[in-house]
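Visitor: I have just opened this structure and would like help reading it. Could you walk me through its features?

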Amino acid sequence: IREPQLTACLIEFFQHAAFYDGILVAMASSFLSDIMNSDPQVVHHVHNSGIGKAFMAMCSSVDDDGEPCLPTVPELIISVPNVLSALALTSEGAKRVEKANPFPSLVKILYHPKYVMPRSNCLLNEISSVIGPSFDEIMRHVPSLRSLVVKAIVGGMKDLAKLGAHLLRREEQSLTRHDEPLVTERSCLMQYAMNFGHLLEQILQTDDHCGPLLKAGVMEAMLDLHPCLMGTSTEFLANASCASCPSISTLCHTTTESTMQNAFRALIGNVEPQKILKKLTTRVTKTLREIETTEAELRGLDESPQATADDGTKQPLKGILRCIPDQELFLLDRDSGCLRILCVSRLLRTVSLFQMQMNFLCTVIRCASQRSQDSGTGWGRDEREWKKELSSLNFENLVKRAGLV
């Protein structure tokens with residue numbers, strides 16, 4: 001690799017990757033990774049000769065329209081983290097990778113329309129699950145790069161949550177039953193979330209990564225993203241009414257939802273429960289308020305009174321089915337039935353979100369209790385904190401309100 005001809009050839013490939021076949025660039029990347037891993041002394045030459053700079057520039061380059069220039073080839077996308085890991089084998093190499101910071105651009109691939117269906121199939125077959133161990137290796141072997149990788153992943157998920165919230169607003173405002181651009185964006189969003197779910201599942205298998213990710217805000221990003229994975233209006237109602245087995249499925253029973261929940265469970269199983277309990281209880285309380293508000297709005301359409309128990313306690317959802325029209329969805333036009341459709345859809349989405357949040361809350365409590373049993377009868381500081389939270393008046397009121405729903 002120290003031969004000038006080969007050095008110049010590799011630099012040419014990486015500087016003009018868009019003009020060469022992606023497979024050819026992928027082979028050059030794999031070759032470079034194998035050489036550096038077999039002989040770390042080569043890393044110094046790779047950086048000084050400009051090969052490393054050209055490769056990292058390729059990862060971050062964009063065209064005139066702002067789209068990433070990295071070719072849509074699975075083999076190349078898989079090899080990129082391996083090359084970055086090899087470039088950081090030496091302390092000097094790690095400093096150069098840290099200065100270039102190609103990780104945000106690499107994570108951007110996971111939620112860019114250029115790399116997902118219908119424009120490309122390069123991230124199919126769970127390619128993000130293959131990328132995950134490479135990220136894990138970088139974070140474990142090069143501690144100075146861990147914060148950059150964590151920041152890139154969490155930043156990408158926050159951007160995705162904002163993208164999903166914007167899509168939801170546009171879907172609710174759409175006056176067309178089947179808006180093709182919105183359908184395409186919805187499909188892309190589900191693929192983006194699936195990519196991040198697979199990535200996190202692999203990374204969170206290493207316990208040391210859970211703390212930095214939680215501190216960077218990954219849990220908040222996941223909780224913000226999850227509601228966006230459910231459609232809205234008639235599309236959501238059609239999905240609920242066409243469920244193959246309504247008795248055992250949830251209203252958001254997609255594979256993407258399952259992937260994100262698995263990643264969340266891996267996260268809460270390796271951190272102190274009190275750090276998550278307060279955040280989750282705050283979310284559940286907010287969702288309960290949304291259920292009550294939407295339920296009151298739906299009852300107001302028929303001037304139907306809210307159900308109460310004998311002791312005067314409100315029962316939010318009792319008798320709510322009387323407010324739902326006994327009519328096929330396609331017969332409810334967007335003019336006369338628009339408000340009712342939106343109310344019913346919003347109520348079911350909120351109840352589904354409440355179900356997911358309560359599942360997470362129960363999982364946190366279960367993990368904390370199991371950890372307490374495994375550690376013996378002694379009460380440490382962490383155990384006192386989460387038990388104090390569960391014994392609080394606020395949590396007691398939350399459980400009572402949740403029981404009424």
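Guide: We will go through helix pairs, open and closed spaces, and some backbone details. Keep in mind that this is a predicted model.

Visitor: Let's begin with helices that pack together. What is the angle between α1 and α4, and how far apart are their axes?

Guide: For a helix pair, look at the distance between the axes and the angle they make. Here α1 (residues 4–15) and α4 (residues 51–60) pack at about 15°, and their axes are 8 Å apart. Angles under 35 degrees count as roughly parallel, so α1 and α4 are roughly parallel to each other. Their crossing is left-handed.

Visitor: Which residues of α1 and α4 meet?

Guide: From α1 come Thr-7, Leu-10, Ile-11, Phe-14 and Gln-15, and they meet Ile-51, Ala-54, Phe-55 and Met-58 of α4. Sorted by class, this contact has seven nonpolar residues, two polar ones and no charged ones.

Visitor: How would I read α2 and α5 in that way: at what angle do they pack?

Guide: Helix α2 (residues 22–38) and helix α5 (residues 74–87) pack at an angle of about 25°, with axes 9 Å apart. That makes α2 roughly parallel to α5. The crossing of α2 past α5 is left-handed. Among the residues making the contact are Ile-23, Val-25, Leu-32 and Met-36 of α2, and Leu-76, Val-83 and Leu-87 of α5. By class, the contact of α2 with α5 has nine nonpolar, seven polar and one charged residues.

Visitor: And α8 with α10: at what angle do their axes cross?

Guide: The axes of α8 (residues 127–141) and α10 (residues 180–203) come within 8 Å and cross at roughly 45°. These two helices are therefore oblique to each other. As for handedness, α8 passes α10 in a right-handed crossing. On the α8 side the contact includes Ile-131, Pro-133, Phe-135 and Met-139, while Met-194, His-198 and Leu-199 are among the residues of α10 that take part. The contact of α8 with α10 has seven nonpolar, six polar and one charged residues.

Visitor: Now for the spaces. How much space lies in the largest pocket?

Guide: For a pocket, read its volume, then its lining. The largest pocket holds about 570 Å³ of space. It is lined by 22 residues, and those closest to its centre are Leu-168, Pro-227, Glu-290, Arg-349 and Leu-353. The elements giving two or more residues to this lining are α9 (143–173), α12 (218–225), α15 (274–302) and α16 (338–375).

Visitor: Which element gives the most to the lining of the largest pocket?

Guide: That is α15, with six residues. By class, the pocket lining divides into eight nonpolar, six polar and eight charged residues.

Visitor: What about closed spaces: how many cavities of 30 Å³ or more does a search of the whole structure find?

Guide: The search finds one cavity of 30 Å³ or more. About 50 Å³ of space lies in the largest cavity. Its lining is made up of Met-222, His-226, Met-260, Gln-261, Phe-264 and Phe-360. Helix α14 (residues 255–268) provides the largest share of that lining, three residues. The classes in the cavity lining are four nonpolar, two polar and no charged residues.

Visitor: Finally, the backbone. What should I look for there?

Guide: Start from the usual pattern: most residues other than glycine have a negative phi, and most peptide bonds are trans. Then look for residues that depart from it.

Visitor: Which residues does a cis peptide bond join?

Guide: A cis peptide bond joins Met-117 and Pro-118, with omega about 10°. You will find Pro-118 in the loop between α7 (103–108) and α8.

Visitor: Which residue has a positive phi although it is not a glycine?

Guide: That is Asn-101, whose phi is about 45°. Look for Asn-101 in the loop between α6 (91–100) and α7.

Methods
Residues numbered from 1 in each chain as written. Predicted model: local features only at pLDDT ≥ 70, side-chain atom pairs only at ≥ 80, totals over all residues. Heavy atoms only, no water. 1 Å grid on protein atoms, 1.4 Å probe; cavity = no way out; pocket = protein on both sides within 12 Å on 5 of 7 lines; lining within 4 Å. Points joined across faces, edges and corners; volume = space filled by probe spheres on them. Helix = DSSP H or I, 4+ residues; strand = E, 2+ residues; numbered from the N terminus. Nonpolar A, V, L, I, M, F, W, Y, C, P; charged D, E, K, R; others polar. Axes fitted to C-alpha atoms, helices over the stretch in contact; angles between N-to-C directions. Parallel < 35°, antiparallel > 145°, perpendicular 65-115°, else oblique. Left-handed = near helix turned anticlockwise from the far one by under 90°. Contact = heavy atoms within 4.5 Å.
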